[in-house]
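Colleague: Before I rely on the words used for this model, I would like to hear what stands behind them. Could you take me through them one at a time?

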Amino acid sequence: MSEPVEQLRNHLATLSDLHNAAALLQWDQQTMMPPRGRGARAETAATLRRIAHERFTASETGALIDAARAALDGAPPDSDEARLVAVARRRWEKARRVPVELAAELARAASIGHEVWVQARAESNFALFEPYLRHNVELACQYVACFDGYDCHYDVLLDDYEPGMRTAEVARLFGQLKEELVPLIATLREHADRVDDAPLHGRFPVESQRRLVERTLALMGFDPMGWRLDEAVHPFATSVGRDDVRITTRWDESYFPAALFGAMHECGHGLYEEGIAAELQRTPLGQTESLGLHESQSRLWENMVGRGRSFSSALAPLVRECLGVGLDAERLYRAVNKVRPSFIRVEADEATYGLHIILRFELEQELIDGALAISDLPAAWNERFRASFGLEVPDDAHGVLQDVHWSAGLIGYFPTYALGNLIAGELWERAHADVADLEERIAAGQLAPLREWLRENVHRHGSKFTAVELLERVVGRPIEVGPFLSYLKAKLADVYRLEL
Ligand code: ZN
């Protein structure tokens, strides 16, 4: 590596450390911090962000980037060096448009907003949350105003979570998805009696569920020497370094699949973080950037593996042993794939999940464009939920207050979840072509071959490539709805014993 590239790398390494420190504080806030700690924590988060922002946007960084670019001198565009410089330059050019006070206030408001949201959700009290949400939306609008050259306001926000992706492209993909999902869900509702999921409901003590989750995660590669599993109001995964992966779940004593598949989901995120190549650590390439790619990993493990026919053979004995639920693999597989419109996104089945995302994607654009007032948001949510799902939202905790994202200012993030499903569909298809006897291995509880394939093709690259670039390399196509829909229809035809 040339000396100027090395100098840039060293400069950026301290920013990576600050990023990890902020991640640890966020993890602590959502798992350990006593509620009254929120005031001090918000100031600490804002200070860390301010220091990182000032250091990154300093002209020194620009000079180091320029010198490193000049020194690349014909390095292949896909090399770590060339990508490091390109990604650093893109992020630097974005960050320097944002005033340091705005960056710090975004962090402070996110920290405070989260704590208020926890209380508002527990009390189902939107009025309590409303001023904080209004502040976050105003900050997002101020952030948008820092940029130009985009087709619409929402593009600016989306670009932070899915670099290079435009709102119009997402709307096109979601339009195709919705067109297929709505009639599919209607057909399955007519045949609801074909699938019995009653045995999934009952009384399952947390300690028994914890054993089931630990046994399952061990198959995936959860290693207690480098990982932690904790409880959070809203499950998430983060990492504080390659060998320090933190995942969370939440326990529901009346329905065991929530914690089990939630934990598999977060473990999928954790495997991605852990799998980033060692040489990319403490560089901008070591921080994942495409949340669609990230989500493709969690959704693939949660649904394609976890709720798959093959893995049910490995899971059924564990469910019997840990919970005393005597379901055979076939009944377990069919039960966990029952399609039923419900209120909570993170617990939604695979068919209705996309509709939850489309609802949020549409509402967010209207909030950012000023077409929808914050005070009208709960009513708009409930009305559209009725139109899409045919259900009356009973209270805001089961509606507009259910997700953590808006409390933390994460607006523009939701579309990446459904993009993740589409990307997972394409990767899943390719993994079957590449890995011999993949389904047989999964049925035997051998998940390492799949994990290693993902590590080689996806994880190790970190943020060297955008989601579209990575897909072009691995499957030779951009993001498309076809593979995901084919997978989903084949599975549900199998589960419901129907022609779809
Ligand atoms: Zn996720």
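Modeller: Buried means under 20% relative accessible area, exposed over 50%, and partly exposed in between, with a 1.4 Å probe and protein chains only. The model is predicted, so local features need pLDDT of at least 70 and side-chain atom pairs count only at pLDDT 80 or more, while totals for chains, interfaces and linings use all residues. Residues are numbered from 1 along each chain as its sequence is written, and side-chain values use heavy atoms, leaving out hydrogens and water.

Colleague: Why is His-269 called buried?

Modeller: His-269 has a relative accessible area of 10%, and the limit is under 20%, so His-269 counts as buried. Glu-295, at 3%, is buried too.

Colleague: What makes the site of the zinc ion irregular?

Modeller: Donors are N, O and S atoms within 2.8 Å of the metal (3.2 Å for Na, K and Ca), and because water is not among the atoms, sites may look incomplete. Here they come from His-265 (NE2), His-269 (NE2) and Glu-295 (OE, listed twice), at 2.1 to 2.8 Å. Four donors count as tetrahedral if all angles lie between 85 and 135 degrees, and as square planar if opposite donors are over 155 degrees apart and all others between 65 and 115. The angles run from 49 to 120°, so the site is irregular.

Colleague: How do you know that the length of helix α9 is as expected?

Modeller: Helices are DSSP runs (H or I, at least four residues), and the expected span is 1.5 Å times one less than the number of residues. For the 15 residues of α9 this gives 21 Å, and the end C-alpha atoms are 21 Å apart, which agrees.

Notes:
Helices (H or I, at least four residues) and strands (E, at least two) are DSSP runs, numbered from the N terminus. Four donors count as tetrahedral if all angles lie between 85 and 135 degrees; four count as square planar and six as octahedral if opposite donors are over 155 degrees apart and all others between 65 and 115; anything else is irregular.
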